[in-house]
Amino acid sequence: QVQLVESGGGLVQAGGSLRLSCAASGSIVSINRMGWYRQAPGNQRELVAVLISGGSTNYADSVKGRFTISRDNAKNTVYLQMNSLKAEDTGLYYCNAVVVGVQLRARNYWGQGTQVTVSS
């Protein structure tokens, strides 16, 4: 089994910054993909940013130029640096990872979520 543990959410004023972290642990052979999604009340979960093994990244248009995703492979940890936060960035942020375990099968995992609230 694999666990994803997020941290770093909180309350921040508009224009401020936060850094989210997500550490993967368990029976991990490799991680193909790690990323962040968010869900605001009444909305569907949406992609924020993803980092694919090999280094390519993909960002939602709404966060380009403000958010940066990065990864520490040695720690199986992904980060999301969020700058110039806006009220519309408010939501529950979920870590997502596609992990190859000891059975050499890729499986999709989700964290529990960390709340980000941006006050205007």
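Are Asp89 and Arg66 buried or exposed? The points below address this and other features of the model, which is a predicted one.

1. **The pair Asp89 and Arg66.** Asp89 is buried, and Arg66 is buried as well. Their side chains meet in a salt bridge, with an N to O distance of 2.8 Å. Asp89 belongs to the loop between S8 and S9, whereas Arg66 belongs to the loop between strand S6 (57-59) and S7, so the salt bridge ties together parts that are 23 residues apart in sequence.

2. **The wider set of salt bridges.** In the whole structure, four salt bridges are found. Side chains of opposite charge can pair when their charged atoms come close. Arg38 and Glu46 form one such bridge, their closest N and O atoms lying 2.8 Å apart. Arg38 counts as buried because its relative accessibility is 6%, under the 20% limit. Glu46, in contrast, counts as partly exposed at 37% relative accessibility. These two residues are linked with Arg66 and Asp89 in a network of salt bridges.

3. **A salt bridge of Asp61.** Asp61 forms a salt bridge with Lys64, and the closest N and O atoms are 3.0 Å apart. Asp61 is exposed, with a relative accessible area of 64%.

4. **The open sheet.** Which strands form the open sheet, and in what order? Four strands take part, in the order S1-S3-S8-S7, and their pairing is antiparallel. Strand S1 (2-7) and S7 stand at the edges with a single partner strand each, so one side of each has no neighbour in the sheet. On average, neighbouring strands of this sheet are turned by 15° against each other, direction ignored. Strands of a sheet pair through backbone hydrogen bonds, either parallel or antiparallel.

5. **Strand S8 and its partners.** Strand S8 (residues 77-82) is mostly covered, since five of its six residues are buried. Six bridges join S8 to strand S3 (residues 18-26), the two running antiparallel; Arg19 has Gln81 in S8 as its bridge partner. Strand S7 (residues 67-72) also pairs with S8 in the antiparallel sense, over six bridges. Here Arg71 stands opposite Val78, and Ser70 stands opposite Tyr79.

6. **The hairpin of S7 and S8.** Four residues lie between the two strands of this hairpin, and Asn76 takes a positive phi near 50°.

7. **The loop between S9 and S10.** Gln103 is placed in the loop between strand S9 (91-100) and strand S10 (106-110), and Leu104 is found in this loop too. How exposed is Gln103? Gln103 has a relative accessible area of 63% and is therefore exposed, the limit being over 50%. Leu104 is likewise exposed, with a relative accessible area of 63%. The C-alpha atoms of Gln103 and Ala24 are separated by 17 Å, and the two residues are 79 apart along the chain.

8. **A nonpolar patch.** Leu104 also contributes to a nonpolar patch on the surface, together with Val29 and Val102. The accessible area of these three residues together is about 320 Å².

9. **A contact of Thr114.** Thr114 lies in strand S11 (residues 114-119) and counts as buried at 11% relative accessibility. The side chain of Thr114 reaches the backbone nitrogen of Gly9 at 3.3 Å.

Notes. Residues are numbered from 1 along each chain as its sequence is written. This is a predicted model: local features need pLDDT of at least 70, side-chain atom pairs count only at pLDDT 80 or more; totals for chains, interfaces and linings use all residues. Side-chain values use heavy atoms; hydrogens and water are left out. Buried means under 20% relative accessible area, exposed over 50%, partly exposed in between (1.4 Å probe, protein chains only). Patches are made of residues with over 30% relative accessible area and no salt bridge: like charges are joined within 9 Å, nonpolar side chains (Val, Leu, Ile, Met, Phe, Trp, Tyr) within 5 Å. Accessible areas come from the Shrake-Rupley method with a 1.4 Å probe; for residues, only the protein chains shown count as cover. Two strands pair if DSSP finds at least two bridges between them. Axes are lines fitted to C-alpha atoms, for helices over the stretch in contact, and angles run from 0 to 180 degrees between N-to-C directions. A polar contact is a pair of N or O atoms within 3.5 Å; within protein, one must be able to donate a hydrogen and the other to accept it, and residues adjacent in sequence count only if both atoms are side-chain atoms.
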